[in-house]
Amino acid sequence: MTDDATQPLIGHLVELRTRLLRCIICILLVLICLLYFSNDIYHIVANPLISQLPQGSSMIATDIAAPFFTPIKLTAVVAIFISIPYVLYQVWGFIAPALYQHERRLVMPLIVSSTILFYMGIAFAYFVVFPLAFYFFIHTAPVDVAINTDITKYLDFVMTLFVVFGFAFEVPVAIILLCWTGITTPKSLRKKRPYIIVGVFAVAMFVTPPDVFSQILLAVPICLLFEIGTFFARFYQPRQHDNIENDSQESEQ
């Protein structure tokens, strides 16, 4: 272990406060840089729905302040998403001194891969799920129903799906952590595969819009990511076992 592990509690709290302030400042700086483009950002996010609307239809605002605050709210969320790599870097800087050398080599790839997977989940929702879901909703609506979606409700809808798909793509990292901490093993997960697949489809039914396309588009990638996580979990031994081996090696030296 490094010497930082012997710092008093107050030292760790001060360091934690410093890193939290850095994260907040980073998010605020990104937000300030993006504020001018807030309307353009909202148009990009709304484009999957706008492109599917019938001719003559448009999005509406039922609240007088919504056209101003809704794009800013979206821009704030985008600023947080963009700042995730820096936030995770600060998290890594805080926890790294408490890890063994061999654990650092294992944790850093997890942090990088979790960031990439989160962005992949958001991209999958935007480029694949949204076009199919909105096409289904709009083309199954009754002929005499005018489709004019409120911009605030639309933002809440897409943000929910962004978060759902972003965290759903973290399945490989979650499986690796579960196996690394000794809670389960890859062999045990493979034996429970049929039950896990059924559970994935059941969860997808509740967290996605009520159409079969969105449910399948969430469940199938999770099942594939489950297999990927189970495969790579073989290279991560239980942490307790690693610590025992490391202590024994140090004592021998």
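# Notebook: a chain built of helices

**Entry 1, starting point.** I began with I216, which is partly exposed at a relative accessible area of 40%. For this notebook, buried means under 20% relative accessible area, exposed means over 50%, and partly exposed lies in between (1.4 Å probe, protein chains only). I216 is found in helix α9, and I come back to this residue in the patch entry.

**Entry 2, ground rules.** The model is predicted, so local features need pLDDT of at least 70 and side-chain atom pairs count only at pLDDT 80 or more, while totals for chains, interfaces and linings use all residues. Residues are numbered from 1 along each chain as its sequence is written, and side-chain values use heavy atoms, with hydrogens and water left out.

**Entry 3, the whole chain.** I asked how many helices and strands the protein chain has. My count came to ten helices and zero strands; both are DSSP runs numbered from the N terminus (helices H or I, at least four residues; strands E, at least two). Read along the sequence, the pattern is α-α-α-α-α-α-α-α-α-α. The protein chain has 253 residues, and 39% of them are buried.

I then looked up contacts, meaning heavy atoms within 4.5 Å. Of the contacts with a separation of 6 or more, 82% are between residues 24 or more positions apart. The accessible surface (Shrake-Rupley method, 1.4 Å probe; for residues, only the protein chains shown count as cover) is about 15,000 Å², and carbon and sulfur atoms hold 71% of that.

**Entry 4, helix α1.** I followed α1 through residues 9-35, which makes 27 residues. From its first C-alpha to its last, α1 reaches 39 Å, close to the 39 Å expected; the expected span is 1.5 Å times one less than the number of residues. The buried residues here are R19, C23, C26, V30, L31 and L34. I found them packed against α2 and α3.

One pair in α1 caught my eye: the side chains of E15 and R19 meet in a salt bridge, 3.2 Å from N to O. The term stands for a side-chain nitrogen of Lys or Arg within 4 Å of a carboxyl oxygen of Asp or Glu. The two residues are about one helical turn apart, because they sit four residues from each other in α1. E15 is partly exposed at 22% relative accessibility, whereas R19 is buried at 16%.

**Entry 5, two buried spots.** S83 is found in helix α3. Is S83 buried or exposed? I have S83 down as buried, at 2% relative accessibility. Leaving aside neighbours within four places in sequence, S83 is in contact with C26, I27 and V30.

I138 is found in helix α4 and is buried too, at 11%. Not counting residues up to four places away in sequence, I138 touches L49, Q52, L53, P54 and I147. I checked P54 separately: I138 and P54 are 84 residues apart in sequence, yet 8.2 Å apart in space, C-alpha to C-alpha.

**Entry 6, helix α5.** I traced α5 over residues 151-168, 18 residues in length. Its span is 25 Å, close to the 26 Å expected. The list of buried residues in α5 includes I151, Y154, L155, V158 and M159, along with F162 and F165. Which helices cover them? I noted α2 (38-50), α3 (66-95), α4 (101-139), α6 (171-180), α8 (193-207) and α9 (212-232) among the cover.

**Entry 7, the other salt bridges.** My search of the whole structure gave three salt bridges, one of them the E15 and R19 pair above. D156 and K73 also meet through their side chains, at 3.3 Å from N to O. That pair links distant parts of the chain, with D156 in α5 and K73 in α3, 83 residues apart. D156 is partly exposed at 36%, and K73 is partly exposed at 46%.

E227 forms a salt bridge with R193, the closest N and O atoms being 2.6 Å apart. Here too distant parts of the chain are linked: E227 is in α9 and R193 in α8, 34 residues apart. I have E227 as partly exposed at 32%, and R193 as partly exposed at 26%.

**Entry 8, back to I216.** I looked for a nonpolar surface patch and found one of about 580 Å², made by I197, F201, V212, F213, I216, V220 and L224. Patch residues have over 30% relative accessible area and no salt bridge; like charges are joined within 9 Å, and nonpolar side chains (Val, Leu, Ile, Met, Phe, Trp, Tyr) within 5 Å. Both α8 and α9 supply at least two residues each. Helix α9 gives the most, with five residues.
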